[in-house]
Amino acid sequence: DVRAAYKEWIRVLRHGGVFVNFDADYGYVSFTDLTRRLRQEGGKNAHEGIGEEVLDECDTIKRDLSISWVPRPVWDESVLRELGCVCVESDTGLSSRIYREQDDSWNPVAMFRLSCRRP
């Protein structure tokens with residue numbers, strides 16, 4: 001329950017404190033299909049070496065999570081505002097600055113940063 005997690009994290013954050021979360025919108029991606037395609041193209045990525053059985057299991061778990069069915073980080077920003085946070089921002093260009101090349105650590109799913117402040 002991501003909403004409940006955000007609520008608790010903000011609750012324990014001191015007044016004036018800054019909350020920062022790094023994540024990616026994994027909901028729209030099939031890890032199995034993505035990794036299969038990248039392997040066929042000969043590309044390296046962070047999922048290389050993970051068997052299709054495990055990737056399939058990850059996809060199954062992910063499909064059951066409600067967070068996988070909402071547009072992110074737009075949804076996250078909305079929830080943080082509902083929880084009373086101010087200065088809510090997201091940075092969706094994070095991956096292009098972190099991953100300059102497609103090496104063994106490259107994550108093909110674009111990452112984002114969320115931040116906000118508790119008043």
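**A walk through a predicted structure**

Let us start with one residue: aspartate 33 counts as partly exposed because its relative accessibility is 46%, which falls between the 20% limit for buried and the 50% limit for exposed. Keep in mind as you look around that this is a predicted model. Aspartate 33 has a partner in arginine 36, and the two form a salt bridge whose closest N and O atoms are 3.5 Å apart. Both residues sit in helix α2, which covers residues 31-41, and they are three residues apart, about one turn of the helix. Arginine 36 is partly exposed too, at 33% relative accessibility. In general, side chains of opposite charge can pair when their charged atoms come close.

Stay in helix α2 for a moment and look at threonine 32, which is found there as well. Is threonine 32 buried or exposed? Its relative accessible area is 4%, so threonine 32 is buried. To see what surrounds this residue, leave out everything up to four places away in sequence: threonine 32 then touches Glu52, Leu55, Asp56 and Asp59.

Now step back to see the whole chain. The protein chain has five helices and three strands. Starting at the N terminus, these elements follow one another in the order α-β-α-α-α-β-α-β. The C-alpha trace spans about 50 × 30 × 20 Å along its principal axes. Of the 119 residues in the protein chain, 37% are buried. Among the contacts with a separation of 6 or more, 72% are between residues 24 or more positions apart. The accessible surface of the chain comes to about 7,400 Å², with 52% of that belonging to carbon and sulfur atoms.

With that overview in hand, let us return to charged pairs. How many salt bridges are there? The count comes to 10. One of them joins the side chains of glutamate 77 and arginine 81, with 3.7 Å from N to O. These two residues lie in helix α4, residues 74-82, four residues apart, or about one turn of the helix. Glutamate 77 counts as buried because its relative accessibility is 16%, while arginine 81, with a relative accessible area of 45%, is partly exposed.

Another salt bridge brings together the side chains of aspartate 76 and arginine 72, at 2.7 Å from N to O. Here aspartate 76 counts as buried, at 0% relative accessibility, and arginine 72 also counts as buried, at 13%. The picture grows from there, as Asp23, Arg72 and Asp76 are linked in a network of salt bridges.

Arginine 72 deserves a second look for its backbone. A cis peptide bond joins arginine 72 to proline 73, with omega at about 10 degrees. Proline 73 is found in the loop between α3 (52-63) and α4. Another backbone feature appears at cysteine 87, which has a positive phi of about 55 degrees although it is not a glycine. Why point these out? Most residues other than glycine have a negative phi, and most peptide bonds are trans. Cysteine 87 is placed in strand β2, residues 86-91, and is partly exposed, with a relative accessible area of 48%.

Next, look for empty space. Rolling a probe the size of a water molecule over the atoms shows where such space is left. The largest pocket holds about 180 Å³ of space. It is lined by 17 residues, and those closest to its centre are Asp23, Ala24, Tyr26, Ile67 and Arg72. You have already met two of these names, Asp23 and Arg72, in the salt-bridge network. Which element gives the most to the lining of the largest pocket? That is α1, with four residues. Both α1 (2-12) and β1 supply at least two residues each.

Finally, visit the surface. Val18, Val20 and Phe22 form a nonpolar patch there, with about 280 Å² of accessible area together. Valine 20 has its place in strand β1, residues 18-24, and counts as partly exposed at 41% relative accessibility.

One last stop is serine 78, which lies in helix α4. Its relative accessible area is 34%, so serine 78 is partly exposed. Serine 78 and valine 88 are 10 residues apart in sequence, and from C-alpha to C-alpha they are 8.8 Å apart in space.

Key:
Residues are numbered from 1 along each chain as its sequence is written. This is a predicted model: local features need pLDDT of at least 70, side-chain atom pairs count only at pLDDT 80 or more; totals for chains, interfaces and linings use all residues. Side-chain values use heavy atoms; hydrogens and water are left out. A salt bridge is a side-chain nitrogen of Lys or Arg within 4 Å of a carboxyl oxygen of Asp or Glu. Buried means under 20% relative accessible area, exposed over 50%, partly exposed in between (1.4 Å probe, protein chains only). Contact means heavy atoms within 4.5 Å. Patches are made of residues with over 30% relative accessible area and no salt bridge: like charges are joined within 9 Å, nonpolar side chains (Val, Leu, Ile, Met, Phe, Trp, Tyr) within 5 Å. Accessible areas come from the Shrake-Rupley method with a 1.4 Å probe; for residues, only the protein chains shown count as cover. On a 1 Å grid over the protein atoms alone, a cavity is a set of points where a 1.4 Å probe fits but cannot get out, and a pocket is an open set with protein on both sides within 12 Å along at least five of seven lines; lining residues have an atom within 4 Å of a point. Grid points are joined across faces, edges and corners, and a volume is the space filled by probe spheres set on the points.
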